[in-house]
Amino acid sequence: QVQLVESGGGLVQAGDSLRLSCVASVRTFSSYQIGWFRQAPGKEREFVASISWSGTTTDYVDSVKGRFTVSRDNAKNMVSLQMNSLRPEDTAVYYCAAQRVGIGTYAYWGQGTQVTVSS
């Protein structure tokens with residue numbers, strides 16, 4: 001079992017920055033790819049970013065490229081999402097999820113953290 005806890009959300013103005021963290025309670029954290037997803041009211045959940053188990057490979061949805069950066073510290077069982085130049089359309093509940101290497105689905109999810117960007 002993998003338990004994930006997100007933190008760092010809040011209410012900010014457009015153009016501001018936030019840093020989200022996701023901490024995992026699992027012994028083999030480096031065996032998991034971690035993804036960030038978000039869900040805005042009335043919309044489907046969407047992929048935001050991911051980082052490989054080693055941290056060497058990252059992926060982003062086009063709308064956040066150049067503004068968001070995902071990183072990880074396997075020694076701390078932590079993945080971070082640095083969000084700069086935030087826009088009102090970034091408003092959503094942000095979730096981190098874990099996908100074990102070799103398994104093609106995100107099987108473990110955190111409870112989410114709210115990010116609200118005012119214009």
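Two strands pair if DSSP finds at least two bridges between them. I began with β7 and β8: six bridges join these strands, and they run antiparallel. The model I am reading is a predicted one.

**Entry: the sheet**

I looked up which strands belong with β7 and β8. They sit in an open sheet of four strands, in the order β1-β3-β8-β7, with antiparallel pairing. I noted β1 and β7 as the edge strands, since each pairs on one side only. I then checked the turn between neighbouring strands of this sheet, which is 15° on average with direction ignored. For one position across the sheet, I found Asp73 opposite Met78 in β8. As general background, I wrote down that strands of a sheet pair through backbone hydrogen bonds, either parallel or antiparallel.

**Entry: Ser7**

I went next to strand β1, residues 3-7, where Ser7 has its place. Is Ser7 buried, exposed or partly exposed? Its relative accessibility is 39%, so I entered Ser7 as partly exposed; the range for that term lies between the 20% limit for buried and the 50% limit for exposed. Leaving out residues up to four places away in sequence, I listed Arg19, Leu20, Ser21 and Thr113 as the residues that Ser7 touches. I also checked Ser7 against Leu81, which is 74 residues away along the chain; their C-alpha atoms are separated by 10 Å.

**Entry: the core**

Leu81 came up again when I looked up the largest nonpolar core. This core has 30 residues, and Trp36, Leu81, Met83 and Tyr94 touch the most other members. I traced which strands supply at least two residues each: β3, β4, β5, β7, β8, β9 and β11. I noted the general tendency that, in soluble globular proteins, nonpolar side chains are buried together.

I followed Met83 further. Apart from neighbours within four places in sequence, Met83 is in contact with Asp16, Ser17, Leu18, Leu20, Arg67, Phe68, Tyr94 and Val115.

**Entry: Arg67**

Arg67 is on the contact list of Met83, and I looked up where it lies. Its place is in the loop between β6 (58-60) and β7. I entered Arg67 as buried because its relative accessible area is 8%, and buried means under 20%. What lies 2.9 Å from a polar atom of the side chain of Arg67? I found the backbone oxygen of Ser63 there. Beyond neighbours within four places in sequence, I listed the contacts of Arg67 as Gln82, Met83, Asn84, Ser85, Leu86, Arg87 and Asp90.

Conventions
Residues are numbered from 1 along each chain as its sequence is written. This is a predicted model: local features need pLDDT of at least 70, side-chain atom pairs count only at pLDDT 80 or more; totals for chains, interfaces and linings use all residues. Side-chain values use heavy atoms; hydrogens and water are left out. A nonpolar core is a set of buried Ala, Val, Leu, Ile, Met, Phe, Trp, Tyr and Cys residues joined through side-chain atoms within 4.5 Å. Buried means under 20% relative accessible area, exposed over 50%, partly exposed in between (1.4 Å probe, protein chains only). Contact means heavy atoms within 4.5 Å. Axes are lines fitted to C-alpha atoms, for helices over the stretch in contact, and angles run from 0 to 180 degrees between N-to-C directions. A polar contact is a pair of N or O atoms within 3.5 Å; within protein, one must be able to donate a hydrogen and the other to accept it, and residues adjacent in sequence count only if both atoms are side-chain atoms.
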